[in-house]
Amino acid sequence: MSAIKAANTIIDSSSGEETNTQDFIEDLIGKMTLSEKIGQMTQYDASWDVTGPPVQKDDIDRYEKIAEGRVGAMLNILGTEATREAQKIAVENSRLGIPLLFGYDVVHGYKTMFPIPIADACSWDLTHIENATRIAATEATAAGLNWAFAPMMDISRDARWGRVMEGAGEDPYLVSKVSAARVKGFQGEDLSKPDTMAATAKHFAAYGFLNAALEYNTTEISDNTFLNQVLPPFKAAIDAGVSTVMNAFSDFNGIPVTANSYLQRDILKKELGFKGFIITDYSTISEMVVHQYAKDNKDAAYKAIIAGTDMDMESRVYENNLEALVNEGAVEEKMIDDAVRRILTLKLNLGLFDDPYRYCDESRSYLLDHVEDHHSKALEAAKSSAVLLKNDKNLLPIRKSVKTIGVIGKLADDKDAPLGSWRARTEAQSGVSILEGLQKHVPSETEILFAKGYTLSVEPPTFTQEVDLSQSDDESGFTEALEVAERSDLVLFVLGEECFQTGEGRSQTFIGLKGAQLKLLKKVYAINKNVVAIMMNGRPIAEPWLYENIPSILESWYLGSQSGNAIAELLTGKCNPSGKLALSIPRSIGQIPISYNHTRTGRPDPIPGDPNFVFWSHYSDCDKTPQYAFGHGLSYTTFEYSNLKLNTDTISMDESLTVSIEVENTGSYDGEEVVQLYINDLYSSTIRPVKELKGFEKLHFKAGEKKTVTFTIGWKDLAFYGADRIFKAEPGEFDVMVGGNSEDLLSARFELTA
Ligand code: BGC
């Protein structure tokens, strides 16, 4: 009898009775051979897309393996036709007919591209973020998938790392909120609906703390940083019901994460109570042999299962070794059963036992053909993600008096770069370029001139290959660009990176502008001072001359399919910028890792009256503050903060405090503001950050409008893991600070009593 029929008779989805569900899973496990159980713990790559090195020469017939019941999940298999074919084999040809999971990296959209995750996080708009992920899930499930390898929630503070583009920045609170919104977007209210899919919290743990930001490197991280900075987003994702967790390529305290019982069993499964399953990152089990941590694949399989690793992505080490380990008595079968139980539970929650073809519904394929609503949401998301870093001469929004706009820069004409890295199945060259956006949104009587100016990669870069920047010093386009600058009332200089300079495997030692861009920018500025820089990049760019000299700067990151339209609406003032940085922009590469929430030092300030006295925490050749701080972002209007009030100046552990502040739009445009609340624990048993984000609200204000914004603070907002590894708040004084970025804040003090 096939498991599908069994499920239909046993599970009453209307009553959703837990015991029936458990009985069904236990019954099924009872029927499985050891080899079939290990099959559930094995994921095969179908290689539609390449996201890692091939593990072995591939003459294996995957369909045969599926029929033998030796595969539980696949990755990188796309399209309902292909997933249906594979599913049919699993359901009809394997002995127990257990359906497959189909996973894929749905990082910022599937067909319709939304802003890259770091940009999306800069919107601080949790509704937009959840909606964007909802649409990504709608499209991905229409293409046969039921499992997203996202969101990435690694805290990232080192712009050399190519994967800063893929996360939500440097702050545990913001990353937690954004990650929970993304999990909800993927999974919805009911995981068994055909347009929802399982989400993955990754990479557990501390993958954002790679030494020197070198991909696949080791990490050095204290327990304090791990527990208080890295862990909170994973906790938030688990609280939001995330189905799976992916581990990491790195080691933690000298033990590869895949073999790390402390991380996987003690913290994740026990302390955080995670009930889903842990999937390895791509071939991390076999890589433990290369790490020289396991002496061979069998040893690696042993170490991984003991540490609670449930599913093997692509290395086929479980498939080839676990059975022998159990038969020899080295591994208890109940460990295998626990992993299988977790995997089958997800399949059940996805509704696959009711209908294994739920996600192979060809009639939903219209959802992959430029759906208007998906694009209008992508446009909204893009508009709220861009960050106006500077607008000194109010060059923006573009004034009516501007009759000729000179657009300079190869990236302005680029329909591919805005789609960003990790772009799933969007079509190459399908983004709206900045030039196209301007042509649509600028009044027809305004003349637009364009010159490419500089070159980055000559060939369009790709996801798997190193970007070739060898010709980026080419200056042959300078003359034309300078002519454009001379003839224009306003220059829009588009600069940054090729989109595949960031993403996995894209660490860099230099984070300034590559090639001839800066040289050309300086020449243009020498001719025409009315320059607006529009930045397109996946990592913060450290380039002090740019920030100090160019009067207006818009950080657009990669805004996805609708990028050019969003940028044009922002430049022309049809929309008012409202993004705020989710990570600091350093002045120099020498400052990284950098974040606003660094711990307090004993010598933070210069000695008063003696500026040359050196014995304090500083750099001799560079200011220690970032170029632009976390939370920074301007608007065409201005906001004034006043009247910070607390309803009481003392609370006990079981009470809460209300913080209120008046915020007024004092400019002449309607606009949105992200009101941010930070705290500082004045004295504590371990040294705490100088300030920590603990609340935010993104609100719309009409010109002249004033609102009172309130926040509530309770002990949990003040708590942290101390040296004893206990999460608690310590009695004492706290500062609460509120403002529009992490630096300009009004402050008040209160006391927490025991
Ligand atoms: C990445 C993961 C990704 C996996 C599957 C790995 O190289 O680190 O984040 O989900 O490949 O594509």
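Ile594 sits in the loop that runs between helix H20 (563-572) and strand E17 (639-646). In this predicted model, Ile594 counts as buried, because its relative accessibility is 11% and the cut-off for buried is under 20%. What is Ile594 in contact with, leaving aside its neighbours within four places in sequence? The partners are Arg157, Glu170, Ser584, Pro586, Lys624 and Pro626. Thr455 makes a useful reference point for distance. Ile594 and Thr455 are 139 residues apart in sequence. In space, their C-alpha atoms are 30 Å apart.

H20 also takes part in the packing of another helix, H16 (434-441). The buried residues of H16 are Ile434, Leu435, Gly437, Leu438 and His441. These residues lie on the same side of H16, because they cover an arc of only 160° around the axis. The face turned away from that buried side carries Gln439 and Lys440, both exposed. What does the buried side pack against? The buried residues of H16 pack against E12, strand E13 (447-451), E14, E15 and H20.

Helix H18 (residues 517-527) can be read in the same way. Its buried residues are Gln517, Leu518, Leu520, Leu521, Val524 and Tyr525. They fall on the same side of H18, because their arc around the axis is only 160°. The packing partners of these buried residues are two helices, H17 (478-487) and H19 (544-549), and three strands, E12 (404-408), E14 (490-496) and E15 (531-536). E12, E14 and E15 appear among the partners of H16 as well.

The loop between E12 and H16 holds a backbone feature at Ala424. Phi of Ala424 is near 50°, a positive value in a residue other than glycine. Is Ala424 buried or exposed? Ala424 counts as buried, because its relative accessibility is 14%.

Other backbone features lie earlier in the chain. Most residues other than glycine have a negative phi, and most peptide bonds are trans. Strand E5 (residues 200-204) contains His203. A cis peptide bond joins Lys202 and His203, with omega about 0°. Another cis bond joins Phe204 and Ala205, where omega is again about 0°. Ala205 is found in the loop between E5 and H9. Tyr216 lies in that loop too. Phi of Tyr216 is near 65°, a positive value. Unlike Ala424, which counts as buried, Tyr216 counts as partly exposed, because its relative accessibility is 42%.

Past this loop, H9 brings in the aromatic rings. A pair of aromatic rings is described by the distance of the centres and the angle of the planes. How many aromatic pairs does the structure hold? There are 28 aromatic pairs. One of them is formed by Phe226 and Tyr262. Their ring centres are 6.3 Å apart, and the planes meet at 55°. The pair therefore counts as tilted, as the angle is neither under 30 degrees nor over 60. Phe226 belongs to helix H9 (residues 223-239) and Tyr262 to helix H10 (residues 261-271). The pair links distant parts of the chain, 36 residues apart. The two rings differ in burial. Phe226 is buried, with a relative accessible area of 0%, whereas Tyr262 counts as partly exposed, at 23%.

Aromatic residues also gather in a cluster. Trp124, Tyr173, Tyr596, Phe630, Tyr678 and Phe696 form one aromatic cluster. Charged side chains lie over two further rings. Arg316 lies over the face of Tyr44, at 4.3 Å from the ring centre. Lys707 lies over the face of Phe701, at 5.0 Å from the ring centre.

Now step back to the domains. The domain assignment gives domain 1 (1-14 + 36-79 + 90-102), domain 2 (373-588) and domain 3 (639-753). The centres of domain 2 and domain 3, taken over C-alpha atoms, are separated by 35 Å. Five residues of domain 2 are in contact with nine residues of domain 3. The size of an interface is often given as the accessible area lost when the parts come together. Between domain 2 and domain 3, the buried area is about 530 Å². Carbon and sulfur atoms give 44% of it. Which three residues supply more than any other three of the area that domain 2 buries against domain 3? They are Asn576, Ser578 and Lys580, which supply 76%.

Conventions
Residues are numbered from 1 along each chain as its sequence is written. This is a predicted model: local features need pLDDT of at least 70, side-chain atom pairs count only at pLDDT 80 or more; totals for chains, interfaces and linings use all residues. Side-chain values use heavy atoms; hydrogens and water are left out. Rings of Phe, Tyr and Trp (its six-membered ring) pair if their centres lie within 6.5 Å; planes under 30 degrees apart count as stacked, over 60 as edge-to-face and the rest as tilted. Helices (H or I, at least four residues) and strands (E, at least two) are DSSP runs, numbered from the N terminus. Buried means under 20% relative accessible area, exposed over 50%, partly exposed in between (1.4 Å probe, protein chains only). A charge sits over a ring if NZ of Lys or CZ of Arg is within 6 Å of the ring centre and within 35 degrees of the ring normal. The arc is that of the directions from the helix axis to the C-beta atoms. Contact means heavy atoms within 4.5 Å. Domain bounds come from an automatic or database domain assignment. Buried area is the accessible area (1.4 Å probe) that two parts lose on being put together, summed over both.
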